[in-house]
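Reader: Could you walk me through how the helices and strands of this model are arranged, and how each label is earned?
Author: Happily; have a look first.

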Amino acid sequence: MLERELKTAIDLAWKAGDCIMEFYEKGFQIHQKILKNDFVEPVTEADKMAQEIIVSGLKEVFPDDGILSEEAEDNLERLGKQRVWMIDPIDGTKGFVEKAKDFAVHIGLAFQDQPVLGVVYQPALRRIFFASKGKGAFLSENERSPKRLHVSEKAKFEEMTLVTSRLHRSRRISEIFERLSFKDQIAHGSVGLKIGLIAEGKADVYIHLSPHTKFWDTCAPQAIIEEAGGILTNLFGEKIRYNLPDAQNYKGILATNRVVHQELVRSLHSILKLND
């Protein structure tokens, strides 16, 4: 089940990654896009070319599926489809612009309202995370044989590592780190790569307080972390439903090794005074 879909997604991620790295080496133009509430993000030629590679490839192989992609208009045709591909051609464009290496290609597939397949590819280091429903999560580095992933089994915050944003660190995240006495923290770019660290067992918790992520940021990583034994929800511990008209994750993101998930939801409510 999903073998053809996974192979296609991996092949397209590699191809898009090669395109992205050509721009990375030779240079590119940077533009600004204005989102809701005047939130501004960069977009480059590489984003658009990578998207074209992925979208055209998926349409050729799976013409009946829906597609939601960051750099394309969402005409909501996807709402009439049971299967929808969710694509972020470059997750972590700011890191890409900086010539850092912590950016990734995301290709996820949702069936009805939940992720069933995910590919997160870090082209600068040739590391590719992938998973499909019921088949486990894997990481291949430099095209070597994939290794199966599993989250940690740590059950105490003081033993755990919190992965945080390298570019968007907030005062509230610092407060959470101190209040819950996490042992350590790792600053990293890309939602997908941060969640990949949890799937690898190198980190244990990721808390994203901002309402600015979209389905294409979380679909592929969620498929990977959950096949590795972890969990991804919103900050209230609720499932993210991927068949809604509005693709924005207004209630943030919480990804953990699953062991501490509900305890962490309760703790965040107390610290942040969250109101559903």
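**Helices, sheet and overall form**

Author: α1 and α2 are roughly antiparallel to each other. Before going on: this is a predicted model, where local features need pLDDT of at least 70, side-chain atom pairs count only at pLDDT 80 or more, and totals for chains, interfaces and linings use all residues. Residues are numbered from 1 along each chain as its sequence is written, and side-chain values use heavy atoms, with hydrogens and water left out.

Reader: Why are α1 and α2 called roughly antiparallel?
Author: Their axes cross at roughly 155° and come within 9 Å. Angles under 35 degrees count as roughly parallel, over 145 as roughly antiparallel, 65 to 115 as roughly perpendicular and the rest as oblique, so α1 and α2 are roughly antiparallel. Axes here are lines fitted to C-alpha atoms, for helices over the stretch in contact, and angles run from 0 to 180 degrees between N-to-C directions.

Reader: What makes up the contact of α1 with α2?
Author: Contact means heavy atoms within 4.5 Å. Among the residues meeting there are L12, I20 and F23 in α1 and M49, I53 and L58 in α2. The contact residues divide into 12 nonpolar, two polar and three charged, where Ala, Val, Leu, Ile, Met, Phe, Trp, Tyr, Cys and Pro count as nonpolar, Asp, Glu, Lys and Arg as charged, and the others, Gly among them, as polar.

Reader: And why are α4 and α7 called oblique?
Author: Helix α4 (residues 171-179) and helix α7 (residues 261-272) pack at about 120°, with axes 11 Å apart; that angle falls in none of the named ranges, so the pair is oblique. In this contact, R172, E175, I176 and R179 in α4 meet L268, I271 and L272 in α7. Its residues divide into four nonpolar, no polar and three charged.

Reader: What makes β3 and β9 edge strands?
Author: Two strands pair if DSSP finds at least two bridges between them. In the open sheet, ordered β3-β4-β5-β6-β7-β8-β9 with mixed pairing, β3 (66-69) and β9 (147-148) each pair on one side only. By contrast with those edges, β6 and β7 pair in the antiparallel sense over six bridges.

Reader: How do you know that the chain is as compact as a globular protein of its length?
Author: Its radius of gyration, taken over C-alpha atoms, is 17 Å, close to the 19 Å that the globule rule (2.2 Å times the number of residues to the power 0.38) gives for 276 residues, so the chain is as compact as a globular protein of that length.

Definitions and conventions. Helices (H or I, at least four residues) and strands (E, at least two) are DSSP runs, numbered from the N terminus.
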